[in-house]
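Reader: I want to learn how to read the empty space and the packing inside a protein model. Can we go through one case step by step?

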Amino acid sequence: YAAALAGYMDRAASWGINVMHVPFTWAALEPTQGQYDADWLGRYDQILDAAWARGIYTVIDFHQDVYSEAYCGDGFPVWTLTNPPAAHHDCPAWPLEYYNDADVMAAFDAFWATGSPVQAEYLTAWDTMIARYKDKPGVLGFEPFNEPSSGSADDATFSATTLTDFYSMMVARVQAQAPTSLVFVDVTGQDGATVSTMLGRPAGEGVVFTPH
């Protein structure tokens, strides 16, 4: 692992890269509810250290695609789902699941719902990541959610209300624990494709708009 990582980072540095998103999945961090994977965290530490040893800044990025590997994606632990299907992989049309898979939409609806127990667990996991990396050399800040999905809600309305409010909450949460850290906010996958969004500016300072 160390040798492969060194080769990867040497090549990145040779290309002139000086800032790097470093994705993580909640499923990797907490594969069993309430138990954080120390070995995985150690490997993640090595990525950040290897980047900074070459002068490359990093962004801690929670990454998900169609919610979970249970739906041929990645991101959320399977234990956040009720009666999930067996994990499967290599699905050529996986992006369409955001819009044509009722189970994927229901999973996101449950996450965004007021008082969501999954979101409460998610925030606890983020508190762990913020505490661990807020003072890590080279870490610029945190991206709470890669390509958040609106579930079954109207995408524009979701972005203008639920997602804007969520990011405002996350900015306040990060700033309370890590006042010098930046917070990177992404739009939905649909907004990224259409190059248009109804997302409002989240409240707070140190916000970086990072659609892709």
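Reader: Which helix gives the largest share of the lining of the second largest cavity?

Author: Start with the general idea. Rolling a probe the size of a water molecule over the atoms shows where empty space is left. Now the case here, which is a predicted model. Helix α6, residues 117-133, gives the largest share of that lining, with three residues.

Reader: Which residues line the second largest cavity?

Author: The lining is F24, W26, F62, Y122, A125 and W126. The space in this cavity is about 40 Å³.

Reader: How does that lining divide by class, and how many residues are charged?

Author: Six residues are nonpolar. No polar and no charged residues take part.

Reader: How many cavities of 30 Å³ or more are there?

Author: The count is two. The largest has a volume of about 70 Å³.

Reader: What lines the largest cavity?

Author: Its lining consists of Y98, Y99, E147, P148, S149, S150, G151, D155, T188, G189 and Q190. Two elements each give two or more residues to this lining: α4 (97-100) and α8 (189-194). By class, three lining residues are nonpolar, six are polar and two are charged.

Reader: Next, packing. How many residues has the largest nonpolar core, and which have the most contacts inside it?

Author: The general idea comes first. In soluble globular proteins, nonpolar side chains tend to be buried together. In this model, the largest nonpolar core has 53 residues. I60, Y122, W126, M129 and F145 have the most contacts inside it. Helix α6 supplies the largest share of this core, eight residues.

Reader: Take W126. What is W126 in contact with, leaving aside neighbours within four places in sequence?

Author: The partners of W126 are F24, I60, F62, F142, E143, P144 and M170. W126 also belongs to the lining of the second largest cavity, as do F24 and F62.

Reader: Now a polar residue in helix α6: Q119. Is Q119 buried or exposed?

Author: Buried means under 20% relative accessible area. Q119 has 14%, so Q119 counts as buried.

Reader: What does the side chain of Q119 reach?

Author: The side chain of Q119 reaches the backbone oxygen of F111, at 2.8 Å.

Reader: Which residues does Q119 touch, not counting those up to four places away in sequence?

Author: Q119 touches F111, W112, F166 and M169. F111 thus appears in both lists: as a residue touched by Q119, and as the owner of the backbone oxygen at 2.8 Å.

Note on methods:
Residues are numbered from 1 along each chain as its sequence is written. This is a predicted model: local features need pLDDT of at least 70, side-chain atom pairs count only at pLDDT 80 or more; totals for chains, interfaces and linings use all residues. Side-chain values use heavy atoms; hydrogens and water are left out. On a 1 Å grid over the protein atoms alone, a cavity is a set of points where a 1.4 Å probe fits but cannot get out, and a pocket is an open set with protein on both sides within 12 Å along at least five of seven lines; lining residues have an atom within 4 Å of a point. Grid points are joined across faces, edges and corners, and a volume is the space filled by probe spheres set on the points. Helices (H or I, at least four residues) and strands (E, at least two) are DSSP runs, numbered from the N terminus. Ala, Val, Leu, Ile, Met, Phe, Trp, Tyr, Cys and Pro count as nonpolar, Asp, Glu, Lys and Arg as charged, and the others, Gly among them, as polar. A nonpolar core is a set of buried Ala, Val, Leu, Ile, Met, Phe, Trp, Tyr and Cys residues joined through side-chain atoms within 4.5 Å. Buried means under 20% relative accessible area, exposed over 50%, partly exposed in between (1.4 Å probe, protein chains only). Contact means heavy atoms within 4.5 Å. A polar contact is a pair of N or O atoms within 3.5 Å; within protein, one must be able to donate a hydrogen and the other to accept it, and residues adjacent in sequence count only if both atoms are side-chain atoms.
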